[in-house]
Amino acid sequence: MTILHIDCSPRLASHSRWLSAAIVDKLVEAAPGAAVSRRDLGTAPLPHASPDYAVALSSPAAMRAAASAALDLSEQLIGEVEVADAIVIGTPMHNFTVPSVLKAWLDQLLRVGRTIMPTPEGKTGMLADRPVFIGIAAGGVFTGEGANQPDFLTPYLTAAFACVGLKSLQFLPLQATAFLEADEVAAARNRTLAALDLTGVA
Ligand SMILES: Cc1cc2nc3c(=O)[nH]c(=O)nc-3n(C[C@H](O)[C@H](O)[C@H](O)COP(=O)(O)O)c2cc1C
């Protein structure tokens, strides 16, 4: 088994980093010998879509004519997903949605004609489905009765991943981190991790 482990927090002592690492540990426990590849978007952010990349994606003819250099980063990142049997993402909620470093990664992953097939019925994914575990840390609350803000993160990731074919998503939200006292952190993290469901995964 190959696991692609992605982190998005700019903080090193981060709740979402803890969650993603704990999920990877559980997967490796269930599938001993699993290989883990790493993409740390928080400490090594990707560039925003470059002019050459944006031009290459602007029409079918531009896509055919694109110099390979314009698509190299996208190809590399898609390749990392293609060889992974499972993907684990740790991400904070930033202003109700994904942090821009995760959006920059998605801008390279979602490519018409490469990972997305447009059809009259809508966009169809060209990647094989595989489990995607998403540990989310949010300072406030965005699910359930106590929600006090909109959630553009989980619906956005659901739609973005679905259009490349990744539909088996599991969200693990650790909420109200801004209100956690130091002695409450471990229990809150473990409560979130307890919801992890590895049925049929490893
Ligand atoms: C730029 C920025 C925007 C944020 N926006 C939100 C938000 O919209 N909703 C929320 O609940 N928390 C928000 N937070 C708080 C973080 O989600 C919270 O601190 C979380 O624990 C960060 O994840 P980490 O612990 O993995 O770094 C924001 C934090 C930053 C730095």
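Strands, as the term is used here, are DSSP runs of E of at least two residues, numbered from the N terminus. The model described below is a predicted one, and the account moves from one such strand to the helix beside it, then to the ligand and to single residues elsewhere in the chain.

Ile-136 is found in strand S6, where the residue is buried, with a relative accessible area of 0%. When residues up to four places away in sequence are not counted, Ile-136 touches Leu-19, Thr-91, Met-93, Phe-142, Leu-153, Thr-154, Phe-171, Leu-172, Pro-173 and Leu-174. Its C-alpha atom lies 11 Å from that of Arg-189, a residue 53 places apart from Ile-136 in sequence. Ala-138, in turn, belongs to the loop between S6 and helix H6, the latter spanning residues 154-162. With a relative accessibility of 1%, Ala-138 also counts as buried, because the cut-off for that class is under 20%. Apart from residues up to four places away in sequence, the residues touched by Ala-138 are Met-93, Leu-174, Gln-175, Ala-176 and Thr-177. The C-alpha atoms of Ala-138 and Ile-78 are separated by 28 Å, with their positions 60 residues apart along the chain.

Helix H1 covers residues 15-30, a run of 16 residues. From its first C-alpha to its last, H1 reaches 23 Å, which is close to the 22 Å expected at 1.5 Å a residue. The buried residues of H1 are His-15, Ser-16, Arg-17, Leu-19, Ser-20, Ala-22, Ile-23, Val-24 and Leu-27. These buried residues pack against five strands and one helix, namely S1 (2-7), S2 (35-40), S3 (86-92), S6 (132-137), S7 (169-174) and helix H7 (185-193). Leu-19, one of the buried residues of H1, is among the residues touched by Ile-136 of S6.

A further link to H1 comes from Leu-198, which is placed in the segment after H7. Leaving aside neighbours within four places in sequence, Leu-198 is in contact with Lys-26, Leu-27, Ala-30 and Phe-133. The C-alpha atoms of Leu-198 and Ile-23 are separated by 9.6 Å, although the two residues are 175 residues apart along the chain. Leu-198 is partly exposed, with a relative accessible area of 22%, and so falls outside the buried class, for which the area must be under 20%.

The ligand is surrounded by 16 residues, of which the closest are Ser-9, Arg-11, Ser-14, Ser-16 and Gly-140. By residue type, this shell divides into 5 nonpolar, 10 polar and 1 charged. Oxygen atoms of the ligand are approached both by side chains and by the backbone: a polar side-chain atom of Ser-16 lies 2.5 Å from a ligand oxygen, a polar side-chain atom of Arg-11 lies 2.7 Å from a ligand oxygen, and a polar backbone atom of Phe-96 is 2.8 Å from a ligand oxygen. Of the 630 Å² of accessible area that the ligand has on its own, the protein covers 72%. Ser-16, one of the closest residues to the ligand, is also listed among the buried residues of H1.

Two residues have backbone angles that call for separate mention. Most residues other than glycine have a negative phi. Asn-95, however, has a positive phi of about 50 degrees although it is not a glycine. Asn-95 is placed in the loop between S3 and helix H5, the helix of residues 100-109, and is exposed, with a relative accessible area of 70%. Ala-176 likewise is not a glycine and has a positive phi, in this case of about 60 degrees. The loop between S7 and H7 holds Ala-176, and Ala-176 is among the residues touched by Ala-138.

Two helical residues complete the description. Gln-108 lies in helix H5 and is buried, with a relative accessible area of 3%. Residues up to four places away in sequence not being counted, Gln-108 touches Pro-47, Ala-49, Tyr-53, Leu-73, Ser-74, Leu-77 and Ile-78. Ala-65, by contrast, lies in helix H3, which comprises residues 60-65, and is exposed, with a relative accessible area of 63%. Ala-65 and Thr-119 are 54 residues apart in sequence, and their C-alpha atoms are 22 Å apart in space.

Notes. Residues are numbered from 1 along each chain as its sequence is written. This is a predicted model: local features need pLDDT of at least 70, side-chain atom pairs count only at pLDDT 80 or more; totals for chains, interfaces and linings use all residues. Side-chain values use heavy atoms; hydrogens and water are left out. Helices (H or I, at least four residues) and strands (E, at least two) are DSSP runs, numbered from the N terminus. The expected span of a helix is 1.5 Å times one less than its number of residues. Buried means under 20% relative accessible area, exposed over 50%, partly exposed in between (1.4 Å probe, protein chains only). Contact means heavy atoms within 4.5 Å. A residue is near a molecule or strand if one of its heavy atoms lies within 4 Å of it. A polar contact is a pair of N or O atoms within 3.5 Å; within protein, one must be able to donate a hydrogen and the other to accept it, and residues adjacent in sequence count only if both atoms are side-chain atoms. Accessible areas come from the Shrake-Rupley method with a 1.4 Å probe; for residues, only the protein chains shown count as cover. Ala, Val, Leu, Ile, Met, Phe, Trp, Tyr, Cys and Pro count as nonpolar, Asp, Glu, Lys and Arg as charged, and the others, Gly among them, as polar.
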